Amino acid sequence: MKALTKHRLFWPATALITLLVVNTVANPNFAKVTVQDGQLYGNPINILRESAPLMLVALGMTIVIATRGIDLSVGAVMAVSGAVALTIIDRADDSNRVTVVAIAIVVAVLVALVLGVWNGFLVSVLGIQPIIATLVLMLAGRGAALLITDGFITTVNSDPLSYIASGYLLILPFAFFVWVAAVVIVGLVERRTALGMLTEAVGINPEASRLAGVRSRGIVWSAYVLSGTLAGIAGVIYASNIKAADANAAGYLIELYAILAVVLGGTSLMGGKFSIAGTVIGVLTVQALDSAILFLGVPPAQSPVFFAAVVILVVLLQSPRVHRWGRSLGSSVRRTPQEAPPEVDDDRDADRAENVQKEAVR
Amino acid sequence: MLADTDVPPVVEMRGITIRFPGVLALDHVDFFLRPGEVHSLMGENGAGKSTLIKALTGVYQIDSGTIAVDGQARRFETTADAQRAGISTVYQEVNLCSNLSVGENVMLGHEPRGRFGIDWNGVHREAERHLTSLGLELDTRSMLSSHSIAIQQLVAIARAMVLDCSVLILDEPTSSLDRGEVEQLFSVIRDLRDKGVAILFVSHFLEQVYEISDRITVLRNGQLVGEHLIDDLPRDALVTEMIGRELGDLAALSKNADREIDRTGTPVLRASGVSRRGVLQASDIDVYDGEVVGIAGLLGSGRTELVRMLYGADRADAGTIEVDGREARMHAPRHAIGHKIAFSSENRREEGVVADLTVAENMILGLQAQRGWLKPVPKAERDAIVAEYMDALGVRPADPTLPVGNLSGGNQQKVLLARWLATAPELLILDEPTRGIDVGAKADIQRKVAELSEQGLSVIFISSELEEVLRIAQRVVVMRDRGQIGTLDSSDVDIDALIDYIANSEEGSVTR
Ligand SMILES: Nc1ncnc2c1ncn2[C@@H]1O[C@H](COP(=O)(O)OP(=O)(O)OP(=O)(O)O)[C@@H](O)[C@H]1O
Ligand SMILES: [Mg+2]
C-alpha cells in the first residue's frame, strides 16, 4: 500500500479516476458505451477520440520540458500543417483520392518538422531562451497559415481526410490508434534507447552532461523536432475533424493545455525526469474535464472558472505539502495534542527535497 | 583556550534519530556544543555529519530526539528559524545564488536599508568589510558565478559571519581552500571562539582538525562513537574510531612516486604553450604512459584552467596539444573523450553529478555518452560495471538505484570517479578528486590511482594536498599566477621544498 502511494503516478491516476467516478455518479451517461454495427460509441469513446491532438502535442511537450525547455509554437504549427494539408487537397483534381490525401499529410507533417528544426536551431545552436525562441513562431505561424490559405478558411469534402478524425478501425476510432501508436513509439525510442536518460541528464544538469561528453545540442534539438512533428500530425487530425483549415482556431491555446497536462502527469517544469505515462494520464484528465463541463451542464460563461477550480483541486491533491498537512491534521484529531509524537511521514523525501531547494534559493 | 566541560552547552541534542528511505542516517545520537569551543564532528563519508547539522538547523525534521538551544527545547521548522535563534550555518554544498553579485550574496536577507528601500552602496560596503575580515579582496559587484569554487566557499563563509551568531556551523568549509586561506579562516574562527561563540567544524583534513579543535565527537554509521577532548585522542586512535579498523599503510603508496617512467617514446599527451588571454599564460605539460603528473599551486594559479583547456571544456587561444604524437583539436569535451581522455571536475555539484539520476545512471553516463544514444549500455554490462565500482570504491549506501543527490558528498565523488574509470580512458585528469573524502576512502582512491597507473593509465592529478601529490605523482608541474613556472621531479623535493618553490621560485627557473 505504501509502495503504491509512493509511486509517482499514484496521485495523477487518483485525480483522473476521481474525476471519472464523480462524473459518472452525477450523470451515469458520462460512462455509457453503446455498440452499433460492431463499433463502440459513447462519451468515454469520444474522450479517447478527441484526446488525439492534445495527446500528440503534450507528448512532444513532455520531452521538450524534460530538456528544461518549452514549446509555445505548437498551436501555430498545428495551424500551418492544417493549412498546408487542406490547401493541397483543395487544389487537387480529386479530393477523394487516397494518394492525394496521403501526399497532403506527408507534406504537411514535413513542413511541421521543418518548423521544429527551426525552433531547435534557435534554442540549441543560437542559445536563445526557449520561451522566446518558440514565441517567434507562435506569433508568426498563424500569419503564415493565413497566407497559405489566402486568408480564407479552406473547407474540403474528402472522405479519406475525414476518416482520420472520425473513422473507425475495428471497434475503436482511428484517431485513438494514432495517439496510442505515437505514445508507444516515443516511449520505446526514449526508454529502449539511451535517449530518455541522456535527455533527463541534459535537463537536470546541462554542464555536467556536457563535460561527460553528452551531445546536448543534438538532444535538445531533437526534442523540438519531435514536438514540431507531433504538432503537425495533431494539426492534420484537427483539420480532419472540422473538415477545414481554420488558421485562427486550430490549436488555439493548446500549448497551455499541453503544459497543464504534462504537469498534471507529474513531470516538473524544472526539467529532468519525465513520465510519458504521466502525460497520458494528464491529457485524459484535461479531456475528461472538458467533457464533464458539457455533461454537468455548466453554462458556457462559467466554464472557464469551473475548469480552473477543478485544476486547482487536482494540483492541490498532488502537492506533497498538502499531503503532509492532511496527515498532521488527521493525526492531531486522532491523538491527544500534548502527546504529539513526532510524525513519521511518507512524503518525507519529497519534503526534504523541497526544503533543500528552498535552502538553495535562500 | 580549552572549553571546560562544566560550562552549560548552548546546543544540546539528545537521542537524535533520522531515517531516510532505506537508510538510518542517525541512530539516537547525542551531541553537545559549548560556548567558546571549537568542536569537530568527525566520521567517514555518510556517517551522518551533515545530517546531524541539518537536523539542528531545521533543514530535516527529526524522527525522534530532543534539541535544546540555550537550555530551551527547540525544534526549528526552517533554517530561517535557526538563524533567528543565533545559529549560522555554512552547508557542505555551497548554497549561493550564482547569478547574483558577490555583495548581494553576502548580504542577502540582511541588506542595510535606507530611506528608499535597500541601500545598495551600503550592501557592497558591508559585504566588502566582511570579505576583508577573511582576507579576501573582491569586486563585490562581480557575478558570483565568475569566481572559482574556492572563492565561492569563502563568500559562503563571509555570508554566515554577517549574522550576529552564538553558534557557527561550518560543514567542510576548507575543502577547496589553500593553506593561506585556511590560516586566515582559522584566525577568524579563533577570534569568534574567544568571544564565546560555539563553533561546530567538520573537515576530513586531520591536520586542520588537530590545529583548531578543542573537542571532537566521532560518528560512525549514524551512531555516536565517542566525545573526546582533543588532547585525549591521538590521531591514529581517532582514525580507528572513525573507520572502525586500522588504516592501512600509506607509506607503501609512496613507491608509486619513485617508480621509473620510460620517457623515451612519445608522450600520451603533450601540450606546449597552451594559453588564453586573461586566464592562463603559456603553459607546458606532458604525460607519458603509466605516469602520474601532479599539478601543484595555490588557488587561482591556473591549475583548473590548464586542465580544462586540455580537455576542451574551455578553449585555448594559443598553443598546441598533441595526443600520441599527433596534433589534436580540443574544442569540446567530446573531442577529448574521443582521444580517450577523461576529466573529473573539482566542482562536483555543478559540473559533476546529475543529482536526480540514480547512482547507476551517473556511473554509466560517460560511457553512454561515448557510445551515443542509439546504443544503450546493455543491462548486464551496466550491472557488472556498477557492481564492480560500487565494490572497488566502497560507495555507501550500496544501493545503485538511489538518486545520487541523496548520497553524502564523499560518496558522490566516488560515483564520479567510477563514471570516468568506466570509460576506460588512457589519460585521466583528476581535479581535486579527494576533496571531501574521508581518510579511509582517500587512501582507497590514491591506491586505485597508483594501481591503475602501474597498469599503464596516465594520470594528471591536481590536489591542494601536497602530501598527496608527492605521494603518487612522479613529476609535479608547479603553477603560479595563472601560469606554469616549472616542472619538478618529485623524488628531488620534499614537501617543504615544494611549498617554498610554489611561493618563491624565480620565474623561468625550470628544472627537470
Ligand atoms: N536527502 C537524503 N535522502 C536520502 N538519504 C540521505 C539524504 N541525505 C543524506 N542521506 C543519507 O544519509 C547518510 C548520512 O549522510 P550525510 O550527508 O549526513 O553524511 P556525512 O557524514 O556528511 O558524509 P560526507 O563526509 O561524505 O559529507 C548517508 O547514507 C546518505 O546517503
Ligand atoms: Mg557531509
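In this predicted model, helix 16 of chain B, spanning residues 439-454, holds both D444(B) and R447(B), which stand 3 residues apart, about one turn of the helix. The side chains of D444(B) and R447(B) meet in a salt bridge, with an N to O distance of 3.5 Å. D444(B) is partly exposed at a relative accessible area of 30%, and R447(B) is likewise classed as partly exposed, at 32%. Elsewhere, salt bridges that share partners join E207(A), R210(A), R308(B), D314(B) and E351(B) into one network.

Other pairs connect segments that are separated in sequence. In chain B, the closest N and O atoms of R263(B) and E291(B) are 2.6 Å apart in a salt bridge; because R263(B) lies in the loop between helix 9 (255-258) and strand 13 (269-276) and E291(B) in the loop between strand 14 (280-287) and strand 15 (292-297), this pair ties together parts that are 28 residues apart in sequence. R263(B) counts as partly exposed at 30% relative accessibility, whereas E291(B), at 0%, counts as buried. In chain A, E200(A) forms a salt bridge with K273(A), the closest N and O atoms lying 3.6 Å apart. E200(A) belongs to helix 10 (residues 195-204) and K273(A) to the loop between helix 13 (254-264) and helix 14 (276-295), so that parts 73 residues apart in sequence are tied together. E200(A) is buried, at 2% relative accessibility, while K273(A) is partly exposed, at 27%.

K273(A) also takes part in a salt bridge across the chains, meeting the side chain of E361(B) at 3.9 Å, N to O. The count of salt bridges between chain B and chain A is 2, and the count over all chains comes to 31. At this interface, 46 residues of chain B are in contact with 31 residues of chain A. The two chains bury about 3300 Å² between them, 60% of it on carbon and sulfur atoms. On the chain B side, D63(B), R334(B) and W373(B) lose the most area to chain A, together accounting for 17% of what that side buries.

The magnesium ion (ligand 2) is coordinated by OG of S50(B) and OE1 of Q92(B), at 1.9 to 2.1 Å. These residues come from distant parts of the chain, 42 residues apart, with S50(B) in helix 1 (residues 49-57) and Q92(B) in the loop between strand 6 (87-90) and helix 3 (102-107) of chain B. Both S50(B) and Q92(B) are buried.

On the surface of chain A, a nonpolar patch of about 580 Å² is made by V125(A), L126(A), I128(A), I131(A), I132(A), L135(A) and L139(A). Helix 7 (residues 130-148) contributes the largest share of this patch, 4 residues. I131(A) is placed in helix 7 and is partly exposed, with a relative accessible area of 46%.

Technical notes: Residues are numbered from 1 along each chain as its sequence is written. Chains are lettered from A and ligands numbered from 1 in the order in which they are written. This is a predicted model: local features need pLDDT of at least 70, side-chain atom pairs count only at pLDDT 80 or more; totals for chains, interfaces and linings use all residues. Side-chain values use heavy atoms; hydrogens and water are left out. Patches are made of residues with over 30% relative accessible area and no salt bridge: like charges are joined within 9 Å, nonpolar side chains (Val, Leu, Ile, Met, Phe, Trp, Tyr) within 5 Å. Accessible areas come from the Shrake-Rupley method with a 1.4 Å probe; for residues, only the protein chains shown count as cover. A salt bridge is a side-chain nitrogen of Lys or Arg within 4 Å of a carboxyl oxygen of Asp or Glu. Helices (H or I, at least four residues) and strands (E, at least two) are DSSP runs, numbered from the N terminus. Buried means under 20% relative accessible area, exposed over 50%, partly exposed in between (1.4 Å probe, protein chains only). Donors are N, O and S atoms within 2.8 Å of the metal (3.2 Å for Na, K and Ca); water is not among the atoms, so sites may look incomplete. Contact means heavy atoms within 4.5 Å. Buried area is the accessible area (1.4 Å probe) that two parts lose on being put together, summed over both.
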